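Work through the following exercises with the sequence and the model at hand. Each task is followed by a solution in steps.

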Amino acid sequence: MTSSDLGGDAPPVLLVIADSLSYYGPEGGLPVDDPRIWPNIVAAELGWTVELVARIGWTSRDAWWALTQDPRVWAVIPKAGAVVFGVGGMDSLPSPLPTALREQIRYIRPPVARRAFRAAYQWVQPKLSHLGWPVALPPKLSVDYLEQSRAALAYVRPELPIIGTLPSVHRCAAYGNVHSGRPAAEKALRQWSSDTGVPLVDLADAVRENIFSDNANPDGIHWGWDAHIAVAAKMLVELRSIAAAESRQP
């Protein structure tokens, strides 16, 4: 995973396809070049560059769509030193109202109707979230989309390292402080990891202390700086482990 391995003098690119946890800090969203977010911490430590493709609310399905439909991603794949799928947390959150309904609110006209509909959605969502079901994307579908993404990358670059993530934790009132879908999601992801050899970074383990402190984002779902540092450290362990294993190969 060096620049010479990739056929040029330019440093490898860390391709991160993720949700908003990758670029939100304790006070809100940040530009992708902010040095404090975990993808940039990892890249700086390795001497790489970063291509962060992410949006708020993205699931594993959105990661698949980004991989197959975004030409920015296509351009990075030949230069990538590793790919991180930083999605899955949104998948496991309670979504008693259809995700498609939430996504369509932005298209409602006139604006006064859109604002009223959004206010109604935001009032109902936390109350119904106490049911804990259904989740935004069932574990089987999450893994199916991740596996399609892995297989597509392996077809083009079979040697390209891929890292997945286990869902984070939250204390978000917008979801009724409920995350009962996480255990099933973790079980499915660990089985996928076992079947494919894709290593997983446990986001919950990295950020739990920060999320349940006063240093996290007040929304209860996005992280503070300590969490970004902890996630970066875990990512670096996996990337260096992959590099060490590659160096031992004849």
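**Exercise 1.** Which side chain meets that of Asp202 in a salt bridge?

Solution. The model is a predicted one.
Step 1. The side chain of Arg182 meets that of Asp202, at 3.4 Å from N to O.
Step 2. Place the two residues: Asp202 is in strand S7 (residues 200-202) and Arg182 in helix H7 (residues 182-196), so that the pair links distant parts of the chain, 20 residues apart.
Step 3. Classify Arg182. Its relative accessible area is 10%; buried means under 20%, so Arg182 is buried.
Step 4. Extend the search from the pair. Arg182 and Asp202 belong to a network of salt bridges that also links Glu186 and Arg190.

**Exercise 2.** State how many salt bridges the structure holds, then examine those of Glu45 and Arg36.

Solution.
Step 1. The count for the structure is 11 salt bridges.
Step 2. Glu45 forms a salt bridge with Arg240, and the closest N and O atoms are 3.1 Å apart.
Step 3. This pair links distant parts of the chain: Glu45 is in helix H1 (residues 38-46) and Arg240 in helix H9 (residues 225-248), 195 residues apart.
Step 4. Arg240 has a relative accessibility of 42% and therefore counts as partly exposed.
Step 5. Arg36 forms a salt bridge with Asp34, with 2.9 Å between the closest N and O atoms.
Step 6. Compare the partners with the cut-offs: buried means under 20%, exposed over 50%. Arg36, at 41% relative accessible area, is partly exposed, whereas Asp34, at 10%, counts as buried.

**Exercise 3.** Determine where Ser95 lies, whether Ser95 is buried or exposed, and what Ser95 is in contact with.

Solution.
Step 1. Ser95 is located in the loop between S5 and helix H4 (99-104).
Step 2. The relative accessible area of Ser95 is 7%, so this residue is buried.
Step 3. Set aside the neighbours within four places in sequence; Ser95 is then in contact with Gln125, Pro134, Val135 and Ala136.

**Exercise 4.** List the buried residues of helix H2 and find the elements they pack against.

Solution.
Step 1. Helix H2 covers residues 60-69, and its buried residues are Ser60, Asp62, Ala63, Trp64, Ala66 and Leu67.
Step 2. Among strands, the buried residues of H2 pack against S1 (13-18), S4 (49-54) and S5 (80-86).
Step 3. Among helices, they pack against H3 (71-76) and H6 (139-156).

Key: Residues numbered from 1 in each chain as written. Predicted model: local features only at pLDDT ≥ 70, side-chain atom pairs only at ≥ 80, totals over all residues. Heavy atoms only, no water. Buried < 20%, exposed > 50% of the residue type's maximum accessible area, 1.4 Å probe, protein only. Helix = DSSP H or I, 4+ residues; strand = E, 2+ residues; numbered from the N terminus. Contact = heavy atoms within 4.5 Å. Salt bridge = Lys/Arg side-chain N within 4 Å of Asp/Glu carboxyl O.
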